[in-house]
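Visitor: I would like a close look at a single part of this model and what lies around it. Please start from one residue and work outwards.

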Amino acid sequence: MAKIISIANQKGGVGKTTTAVNLSSCLAYKGKKVLVIDIDPQGNTTSGLGVDKKNIDLSIYDVLINDVDIKNTMVDTAIEGLKLCPSNIQLAGAEVELVSMMSRETRLKLSISSIVPHFDYIIIDCPPSLGLLTLNSLTASNTILVPIQCEYYALEGLSQLMNTVKLVQKHLNNKLDVEGVVLTMFDARTNLSIQVVEEVKKYFKNKVYRTIIPRNVRLSEAPSFGLPIILYDPKSKGAECYLELAEEVIEYTEEMSKL
Ligand code: ADP
Ligand code: MG
């Protein structure tokens, strides 16, 4: 059975998509069978994995709104073992269309249930909001992984995010757990980055990954080539760190499955 992980934080630009693309690629690179679901209308995970947003036949929109089988939307990527369920701007309408639909918060959960046994990990890249798309993702997931950027106001909005997690646990998915917090865009030369790491560790304690993702220009270049970092520049610091993060995720998953 796949472990389903939502990459979520309602703040934009914190590294959700970079983490979704590169964590899922590194998990597949390590031999895991992985599906990444792009549930952000911006479709940056889709284009970041080399799929042209303008030429998508079927997308996650069709799964959520038109009852299309998710299997019919899946496309292969340049990484063996990594499949993608793509998204594009059409999904922006879904946030409103879902409001009046039956079981509006559980549509993603229902639509992926038949494929869960076929993967080791399903990674969902959420949009920068706490609307129905993110709620669908959290309802379908085993865990939430929160990227936090080492910048001013890093902790802003996190209590609201954790409140949403509690509400989902109470009403929609009592199994939802916090996978962990990953610090992103760390710059060792600034005191600010170091302070943010300390503050986040105080707040999230043992839920913070040992691996901290540095600010790395190769990570920001890779999406324009439609490649994950592990293919774009496997020797870069960014590739090294996302591989380490994947190892931590696998380690934690295996520990938990023994309990
Ligand atoms: P989100 O999905 O949370 O909006 P993104 O992953 O798209 O955030 O990241 C926002 C921007 O920062 C993108 O341009 C991305 O390429 C860049 N970026 C993300 N992580 C890093 C990093 N570790 N080093 C350098 N640039 C990064
Ligand atoms: Mg994004």
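Visitor: In which element is Ile7 found?

Guide: Ile7 is found in strand β1, which spans residues 3-7. Helices (H or I, at least four residues) and strands (E, at least two) are DSSP runs, numbered from the N terminus. Residues are numbered from 1 along each chain as its sequence is written, while chains are lettered from A and ligands numbered from 1 in the order in which they are written. The model is predicted: local features need pLDDT of at least 70, side-chain atom pairs count only at pLDDT 80 or more, and totals for chains, interfaces and linings use all residues. The protein chain has a mean pLDDT (the predictor's confidence in each residue, from 0 to 100) of 96, and 100% of its residues reach 70 or more. The scores are ipTM 0.99 and pTM 0.97.

Ile7 is buried, as 30 other C-beta atoms lie within 10 Å. The term buried requires 20 or more other C-beta atoms within 10 Å of the residue's own, exposed means 12 or fewer, and partly exposed lies in between, with C-beta atoms placed from the backbone. Apart from neighbours within four places in sequence, the contacts of Ile7 are Lys16, Thr19, Ala20, Ile123, Ile124, Asp125, Cys126, Leu145 and Pro147; a contact means C-beta atoms, placed from the backbone, within 7 Å. Tyr153, 146 residues away from Ile7 in sequence, is 19 Å from it in space, C-alpha to C-alpha.

Strand β1 belongs to an open sheet of 7 strands with mixed pairing, in the order β3-β4-β2-β5-β1-β6-β7. The edge strands β3 (75-76) and β7 each pair on one side only; two strands pair if DSSP finds at least two bridges between them.

On the β6 side of β1, strand β6 (residues 143-149) pairs with β7 in the parallel sense over 7 bridges. Along this pairing, Ile148 has Leu183 as its bridge partner in β7, and Gln149 stands opposite Thr184. With helix α7 (residues 158-171), β6 and β7 make a right-handed β-α-β unit; right-handed means that, with the strands pointing away from the viewer, the path from the first strand over the helix to the second runs clockwise. Strand β7 (residues 177-184) is largely enclosed by the rest of the structure, because 6 of its 8 residues are buried.

Strand β1 also helps to cover helix α6: the cover over the buried residues of α6 includes β1, α4 (94-97), α5 (107-112), β5 (121-125), β6 and α7. In α6 (residues 132-140), 9 of the 9 residues are buried, so this helix is largely enclosed by the rest of the structure.

Lys16, one of the contacts of Ile7, is also among the residues closest to ligand 1, together with Gly15, Thr17, Thr18 and Ser220. In total, 17 residues surround ligand 1, a residue being near if its C-beta atom, placed from the backbone, lies within 6 Å. Helices α1 (16-29) and α9 (217-221) each supply at least two residues of this shell, and the largest share, 3 residues, comes from α1. By class, the shell has 6 nonpolar, 9 polar and 2 charged residues.

Terms used:
Ala, Val, Leu, Ile, Met, Phe, Trp, Tyr, Cys and Pro count as nonpolar, Asp, Glu, Lys and Arg as charged, and the others, Gly among them, as polar. Two residues are in contact if their C-beta atoms, placed from the backbone, lie within 7 Å.
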